[in-house]
Amino acid sequence: MAGVHVSTTINGDPAEFVCEANEPLLDVLRNRLGLTGAKEGCGTGDCGACSITLDGELVCSCLVLGAEANGRKIETIEGMADGDKLHPLQRKFIEHAALQCGICTPGFLIAARALLKKNANPTEEEIRFGLAGNLCRCTGYDKIVRAVQDAAREMRGA
Ligand code: FES
Ligand code: FES
């Protein structure tokens with residue numbers, strides 16, 4: 001199969017790659033570009049471990065083709081911290097011990113950031129609804145919700 005040449009932007013930097021026409025963006029990120037933060041939990045859009053944003057919209061990168069990223073802006077967990085400075089959500093996940101094995105964590109962080117961009121002051125119900133596409137088999141979710149609430153508070157300067 002002929003390769004598809006893709007020009008895109010990843011975490012603010014221009015990026016180019018060649019992929020197969022039927023290759024999921026998750027595989028491109030992980031196997032071709034070395035961006036292994038997004039995880040493959042299911043490969044079928046059910047777990048959210050592969051979450052990224054495409055032009056600011058939260059997507060499961062296992063359900064997007066690499067070729068579909070052409071001309072669009074990708075943001076992954078690798079771009080979330082500002083150098084050594086963790087994003088407030090990352091800090092609060094650590095402070096609240098909102099992770100155990102960590103497989104789901106990059107997806108939760110990306111989904112939580114997307115949620116807070118749309119709603120800076122979500123209720124607990126809105127957080128649980130906003131993160132409903134992300135599954136965690138370890139934490140029981142409560143600590144994740146507390147971490148997002150705390151980060152939202154800090155980000156609002158409240
Ligand atoms: S790996 Fe994409 S949703 Fe599970
Ligand atoms: S911390 Fe293990 S799946 Fe969430």
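What I would like to walk you through this morning is a sheet of five strands, which in this predicted model is an open one with the strands in the order β2-β1-β5-β3-β4 and with mixed pairing. At its edges stand β2 and β4, the latter covering residues 57–60, and because each of these two has a single partner strand, one side of each is left without a neighbour in the sheet. Going from one strand to the next, the twist averages 40 degrees.

Let me take the pairings in turn, starting from the β2 edge. Strand β1, residues 3–10, pairs with strand β2, residues 13–20, in the antiparallel sense, and eight bridges join them. Within that pairing, if you look for threonine 8 in your view, you will find that its bridge partner in β2 is alanine 15. The two strands make a hairpin with two residues between them, and in the turn asparagine 11 has a positive phi of about 50 degrees.

With strand β5, residues 73–75, β1 pairs in the parallel sense, over two bridges, and here threonine 9 stands opposite lysine 73 of β5.

Now to the helices. Helix α1, residues 25–32, packs on the sheet, where β1, β2, β3 (51–54) and β5 are the strands touched, and the direction of the helix makes about 110 degrees with that of β2. Helix α3, which spans residues 105–118, lies across β3, β4 and β5, and runs at about 40 degrees to β3.

As a last remark for anyone following the side chains along a strand, in a regular strand they alternate between the two faces of the sheet.

Conventions
Residues numbered from 1 in each chain as written. Chains lettered and ligands numbered in written order. Predicted model: local features only at pLDDT ≥ 70, side-chain atom pairs only at ≥ 80, totals over all residues. Heavy atoms only, no water. Pairing = 2+ DSSP bridges. Helix = DSSP H or I, 4+ residues; strand = E, 2+ residues; numbered from the N terminus. Axes fitted to C-alpha atoms, helices over the stretch in contact; angles between N-to-C directions. Contact = heavy atoms within 4.5 Å.
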